[in-house]
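User: I'd like to learn how to read strand pairing in a model. Could you walk me through it with an example?

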Amino acid sequence: MNVCKRRKKYKNVDVFSIAKLEAINMNVPKEITTYCPKCREHQAHAVSLYKAGKRRALAKGERHHKREKKGYGGQKYPLQREFAKTTKKQTLRLKCKKCGYTRHKEGIRLRKLAIV
Ligand SMILES: [Zn+2]
């Protein structure tokens, strides 16, 4: 995509508004045929949306972080309070229907992703 051309197109609009205009809704099919690295050929894949797992409060890193944050001046890095972006990158989970091998496909910034 040529950003400069788009800036010319929307002359009086700032960069973030252009990003908002470009944020789109997308429909993804439930099943797609794509390359499976394990089968080494194209196979039918089931498509689902990846979501980060629940954080375990008793994991070593979590305990360490909690300990570090204790007391006066305990915050180790500035907390992000204002966000410039209004969308998130959507990651697709592709599961091979033949061998069950699962891999992720990182997507683009979308306002809404629907699996149909
Ligand atoms: Zn496979």
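User: Let's start with one residue: which residue in β4 does His-45 stand opposite?

Analyst: Happy to help, and keep in mind that this model is predicted. To read a pairing, pick a residue and look across to the partner strand. Here, His-45 stands opposite Cys-96 in β4. Another facing pair is Leu-49 with Leu-92 in β4. Both sit within a wider match: β3 (residues 41-49) and β4 (residues 88-96) run antiparallel, paired over 5 bridges.

User: What does β4 do with β5?

Analyst: β4 pairs with β5 (residues 102-110) over 7 bridges, again in the antiparallel sense. Facing each other there are Leu-94 and Arg-103 in β5. The two strands make a hairpin with 5 residues between them, and Gly-100 takes a positive phi near 85° in that hairpin.

User: In what order do the strands lie in the sheet?

Analyst: To get the order, follow the partners from strand to strand. In this case 4 strands give an open, antiparallel sheet ordered β2-β3-β4-β5. β2 (31-36) and β5 are the edge strands: each has a single partner, so one side of each lacks a neighbour in the sheet. From one strand to the next, the twist averages 45°.

User: How many helices and strands does the chain have, and how do they run?

Analyst: The chain has 3 helices and 6 strands. Reading from the N terminus, the elements run α-α-β-β-β-α-β-β-β.

User: And what share of the residues counts as buried?

Analyst: Burial is judged by counting neighbours around each residue, with 20 or more other C-beta atoms within 10 Å as the cut-off. By that count, 2% of the 116 residues are buried.

Technical notes
Residues numbered from 1 in each chain as written. Predicted model: local features only at pLDDT ≥ 70, side-chain atom pairs only at ≥ 80, totals over all residues. Pairing = 2+ DSSP bridges. Buried ≥ 20, exposed ≤ 12 C-beta atoms within 10 Å, placed from the backbone. Axes fitted to C-alpha atoms, helices over the stretch in contact; angles between N-to-C directions.
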